Amino acid sequence: MLHSFPILSLVIWLPILWGLVLLVPYFPLKIVRSLGFLGSILCFISTLVLYLRFDSSSSAYQFAENHSWIPYIGANYSVSIDGLSLLFLLLNNFLLILVVLSTYHSVKKSIAAYLFCFFSMAGLINGAFSATDGLLFYVFFEASLIPLYMVIGMWGGQRRVYAAFKFFLYTLVASLLLLVGLVTLSKFAHGSFSIAQWHELSLPLDIQVILFLFFVFAFAVKIPMFPLHTWLPDAHVEAPTGGSVILAAMALKLGAYGFLRFSLPIFPDASHLMSPIIFSLSAIAVVYIGFVAIAQGDMKKLIAYSSISHMGFVTFGIFSNTIDGLTGALYQMISHGFVSAGLFFCVGVLYDRLHSRKIADYGGVVNVMPYFSALFVIFAMANCGLPGTSGFVGELLVFLSAGNSSIWWVLVLSLSLVLSAVYSLWTVKRVIMGPVVHDSVKSLVSMTGCESTILAVLAFLVIFFGVFPAPVNKVLLHSVQNLVRPVT
């Protein structure tokens, strides 16, 4: 009965429609917040139904829906999911709940419009992770930029317009190349935009390389990979807390997901040929960007550079073409969603009280906010891959895959772990530990109920999936095995 119900369309469109309801004028502020929280719960429940009904023993796409959309160019409204998509849908809709909760304390103006942006963004991101038609993927992929652009531009910091424009310009230029690649692939598939049909193509190596470069540039900007990363720190610094959370935890993952859904299965030989270049760029990201993170005095900018460094692990694992590497990359993406969200929420808690993100303005926070400090330390430890946290599992699997390529890659990646420990623990030392050195820190008040709930839930998940990764691995196993393809 459920399989005949368009549950996947509900997951995609319910957030968007619910966001429109929140824009109805004359709703009192209390009603808007309550409706927002109720809607986020319903969206997550709809995704949870997918997880409970998902057959993890199969690598096949499930919950498929296919309807004619633009027939004269061969595009269809075609959606379905496998294990890769399912985990990102769960993460996306779970984080929507936390973002809505965070508005109770941190957002003071235009609440309905703010929530609409996040609900519509959640639906569009769900669509991108579910689309099995290339043109439909492109529409969702691009449309998700609009509400994020609005969040940065309307609720961001002093340089929000600059940051929003830079973010939009980078991603727009890259996406134009993606559109060219998608249209070209449809010609090779006799006018079809079906991603499944594209996976069956056997393209000559020279064509693969050319198209691979189009796709890799588009997705590399989105991740972002070195040296196309310069838009991200500005976007993170100026974005409100909720914007930074979704940008780091979900929007960046769309680029890595594009590699998994397009680059590896459609251009396997080009991916193998170009993998040394990807490995080199990933190694530069995890090491060089690690040094850059150490030099930061702004907590948000430090976390932003940390995200770029960690995504270097992800791209390395993806192009290793091994089960360990791909599983590690995917686990790292899920873990990074929890850890980066926790860190940005922690910075948001401090900023809402002192209106400063500068590390130098803090010190000795543990003396006035011990519970908050304990949670901050958990996220910092997970950020540097401490065993027992979710950050360790993905990095370990990527290390195993790197050992299959060369011991030198292992040494380079090991250096990145040292650097992540340096900037994570040094931040803890300067912000959390020691005596109180500023009178403003003495005035810090305890967290609200919403803030405590958000951080406690994220900390629990970071530890739970660090100790018990089986639920994630079970969903991923067959989909990852299906991705590992022989090269000629």
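Visitor: Which residues lie nearest the centre of the largest pocket?
Guide: This is a predicted model: local features need pLDDT of at least 70, side-chain atom pairs need 80 or more, and totals for chains, interfaces and linings use all residues. Residues are numbered from 1 along each chain as its sequence is written, and side-chain values use heavy atoms, without hydrogens or water. The lining of the largest pocket has 25 residues (a pocket is an open set of 1 Å grid points where a 1.4 Å probe fits, with protein on both sides within 12 Å along at least five of seven lines; lining means an atom within 4 Å of a point). Nearest its centre are Ser-106, Trp-155, Pro-240, Tyr-351 and Asp-352.

Visitor: Which helix gives the most to the lining of the largest pocket?
Guide: Helices H3 (83–106), H6 (145–155), H10 (231–238), H11 (241–266) and H14 (323–354) each give two or more residues to this lining. Helices are DSSP runs of H or I, at least four residues, and strands are runs of E, at least two, numbered from the N terminus. The top share is 4 residues, and it comes from H14.

Visitor: How many charged residues are in the lining of the largest pocket?
Guide: Ala, Val, Leu, Ile, Met, Phe, Trp, Tyr, Cys and Pro count as nonpolar, Asp, Glu, Lys and Arg as charged, the others, Gly among them, as polar. This lining has 9 nonpolar and 9 polar residues. Its charged residues number 7.

Visitor: How many nonpolar residues line the second largest pocket?
Guide: This pocket is lined by 13 residues, with Phe-44, Leu-87, Leu-90, Phe-338 and Phe-465 nearest its centre. Helices H2 (29–53), H3, H14, H19 (449–467) and H20 (470–483) give two or more residues each. The lining has no polar and no charged residues, and its nonpolar count is 13.

Visitor: Which helix gives the largest share of that second lining?
Guide: The share in question is 4 residues of the second largest pocket's lining. They come from H3.

Visitor: Are H13 and H14 roughly parallel or antiparallel?
Guide: The axes of H13 (residues 299–318) and H14 lie 8 Å apart, at about 175° (axes are fitted to C-alpha atoms over the stretch in contact, and angles run from 0 to 180 degrees between N-to-C directions). Their contact (heavy atoms within 4.5 Å) includes Phe-313 of H13 and Leu-343 of H14. By class, the contact has 13 nonpolar, 6 polar and 1 charged residues. An angle over 145 degrees counts as roughly antiparallel, so the two helices are roughly antiparallel.

Visitor: How many charged residues does the contact of H15 with H17 have?
Guide: The axes of H15 (residues 370–383) and H17 (residues 407–431) come within 8 Å and cross at roughly 170°. These helices are therefore roughly antiparallel. Among the residues that meet are Phe-376 of H15 and Tyr-423 of H17. The contact has 7 nonpolar and 4 polar residues; for charged residues the count is no residues.

Visitor: Which residue in the S1–S2 turn has a positive phi of about 85°?
Guide: Strands S1 (residues 62–70) and S2 (residues 75–81) pair in the antiparallel sense over 6 bridges (pairing takes at least two bridges found by DSSP). Gln-62 has its bridge partner in S2, Ile-81. S1 and S2 form a hairpin with 4 residues between them, and the residue asked for is Gly-74.

Visitor: Where are Pro-224 and Pro-227 found?
Guide: The peptide bond from Ile-223 to Pro-224 is cis, with omega near -10°. Another cis bond joins Phe-226 and Pro-227, with omega about 5°. Pro-224 and Pro-227 are in the loop between H9 (205–222) and H10.

How values were computed: Parallel < 35°, antiparallel > 145°, perpendicular 65-115°, else oblique.
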